[in-house]
Amino acid sequence: DQFEVLERHTQWGLDLLDRYVKFVKERTEVEQAYAKQLRSLVKKYLPKRPSKDDPESKFSQQQSFVQILQEVNDFAGQRELVAENLSVRVCLELAKYSQEMKQERKMHFQEGRRAQQQLESGFKQLENSKRKFERDCREAEKAAQTAERLDQDINATKADVEKAKQQAHLRSHMAEESKNEYAAQLQRFNRDQSHFYFSQMPQIFDKLQDMDERRAAHLGAGYGLLSEAELQVVPIIAKCLEGMKVAADAVDAKNDSQVLIELHKSGFARPGDVEFEDFSQPMNRVPSDSSLGTPSDGRPELRGSGRSRAKRWPFGKRNKT
């Protein structure tokens with residue numbers, strides 16, 4: 001009973017198992033793509049020069065950034081591990097298990113259909129023997145009536161009466177044989193039907209129930225593997241996140257300032273004060289009429305000569321204007 005219901009339900013269960021396998025497969029593809037993109041991102045932002053040749057690597061800000069990139073790279077590795085675990089433990093194993101369940105289900109339903117076909121065949125044989133018995137009974141009744149009519153007919157010959165009686169006896173014998181055959185078929189069918197409903201089908205239903213419960217339990221375990229794969233990488237991911245936090249706390253602004261000073265200090269002493277250059281002194285001297293602006297030795301006087309100094313620009317080379 002309800003054989004078709006079980007057939008639909010077990011097929012639905014296998015379809016659900018296959019859908020979950022497909023879901024996890026696509027999930028692993030997402031994880032793999034995510035990890036690949038993270039690794040590409042890390043590679044893009046990692047310093048191209050070795051740290052010994054890169055003065056920026058001496059700053060805590062740069063060191064922390066590199067550390068964060070390394071932690072992100074490790075995080076990507078954990079996402080790859082999740083994808084690998086899901087692919088092996090869920091996709092491959094559940095896909096294999098699904099095929100085994102399909103074969104087992106097919107075997108059980110084939111067994112059930114054979115039992116149904118055997119019972120249906122027995123019922124057809126029973127119906128045939130029943131119709132034959134019914135037909136032979138009618139023929140025997142008809143032959144008996146004919147023999148009785150001829151026996152009472154004064155015009156019938158003795159040979160006709162004897163022949164009719166023999167025919168009636170033959171038909172009666174055939175009806176008796178059909179009756180026995182029908183009774184045997186009925187007994188056989190009732191025995192087979194009882195075996196079918198009380199033994200064969202309950203056993204097949206028990207097998208199908210056990211199969212479906214094992215499938216459901218296996219699927220439930222597969223659901224658990226999804227979270228288990230995540231929980232396995234939680235400690236490492238937590239360390240990655242902690243490493244990022246440590247890198248963030250390691251940024252030392254004052255120390256970076258000191259590093260900058262040490263990298264670029266010149267070693268030169270600070271320049272002294274710039275002296276005042278008085279250009280008004282030559283204007284305070286009144287020349288004599290005879291000098292005409294020339295010194296007594298006859299050489300022209302150079303104003304400010306010997307006292308004018310080159311101006312020093314304290315911030316490096318000054319552009320000419």
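How many cavities of 30 Å³ or more does a search of the whole structure find? The search finds 1. The tour comes to that cavity after a look at the whole chain. Keep in mind throughout that this is a predicted model.

**Stop 1: the whole protein**

Show the protein as a cartoon and colour it by secondary structure. There are 5 helices and 0 strands, and along the sequence they give the pattern α-α-α-α-α. Next, colour by accessibility: of the 321 residues, 26% count as buried. Contacts come next. Among contacts in the protein with a separation of 6 or more, 89% join residues 24 or more positions apart.

**Stop 2: the cavity**

Select Asn85, Leu86, Arg89, Val90, Leu225, Glu228, Ala229 and Gln232, which line the largest cavity. The space inside comes to about 40 Å³. Which helices each supply at least two residues of this lining? They are α2 (60-152) and α3 (158-249). Colour the lining by class to see 4 nonpolar, 2 polar and 2 charged residues.

**Stop 3: the largest nonpolar core**

Keep Leu86 and Val90 on screen, since both also appear at this stop. Add Tyr20, Val24 and Met201: together these five have the most contacts inside the largest nonpolar core, which has 40 residues. Helices α1 (3-45), α2 and α3 each supply at least two residues of this core. The helix that gives the most is α2, with 16 residues.

Now centre the view on Val24. Which residues does Val24 touch, leaving aside its neighbours within four places in sequence? Its contacts are Leu86, Val90, Cys91 and Leu226.

Another core, of 7 residues, lies apart from the 40-residue one. To find the smaller set, select Ala143, Ala147, Leu150 and Ala168, which are among its members.

**Stop 4: the cysteines**

Select Cys91 again, this time together with Cys240. Is Cys91 buried or exposed? Cys91 counts as buried because its relative accessible area, 9%, is under the 20% cut-off. Cys240 is buried as well, with a relative accessible area of 3%. A disulfide is a covalent bond between the sulfur atoms of two cysteines. The number of disulfides in this structure is 0.

**Stop 5: pairs between distant positions**

For the last stop, measure from C-alpha to C-alpha in the viewer. Three pairs are listed here.

- Leu41 and Asn73: Leu41 is in helix α1 and is partly exposed, at 44% relative accessible area. The two residues are 32 apart in sequence, and their C-alpha atoms are 8.9 Å apart in space.
- Lys44 and Leu69: Lys44 is also found in helix α1. Lys44 counts as exposed because its relative accessible area of 56% is over 50%. From Lys44 to Leu69 is 25 residues in sequence and 10.0 Å in space, C-alpha to C-alpha.
- Glu127 and Leu186: Glu127 belongs to helix α2 and counts as partly exposed, at 24% relative accessibility. Between Glu127 and Leu186 the separation is 59 residues in sequence and 9.0 Å in space, C-alpha to C-alpha.

To finish, return to the lining of the cavity and show α2 and α3 around it, each of which supplies at least two lining residues. Then bring back Val24, which is in contact with both Leu86 and Val90, two of the lining residues.

Definitions and conventions
Residues are numbered from 1 along each chain as its sequence is written. This is a predicted model: local features need pLDDT of at least 70, side-chain atom pairs count only at pLDDT 80 or more; totals for chains, interfaces and linings use all residues. Side-chain values use heavy atoms; hydrogens and water are left out. On a 1 Å grid over the protein atoms alone, a cavity is a set of points where a 1.4 Å probe fits but cannot get out, and a pocket is an open set with protein on both sides within 12 Å along at least five of seven lines; lining residues have an atom within 4 Å of a point. Grid points are joined across faces, edges and corners, and a volume is the space filled by probe spheres set on the points. Helices (H or I, at least four residues) and strands (E, at least two) are DSSP runs, numbered from the N terminus. Ala, Val, Leu, Ile, Met, Phe, Trp, Tyr, Cys and Pro count as nonpolar, Asp, Glu, Lys and Arg as charged, and the others, Gly among them, as polar. A nonpolar core is a set of buried Ala, Val, Leu, Ile, Met, Phe, Trp, Tyr and Cys residues joined through side-chain atoms within 4.5 Å. Buried means under 20% relative accessible area, exposed over 50%, partly exposed in between (1.4 Å probe, protein chains only). Contact means heavy atoms within 4.5 Å. A disulfide is a pair of cysteine sulfur atoms within 2.5 Å.
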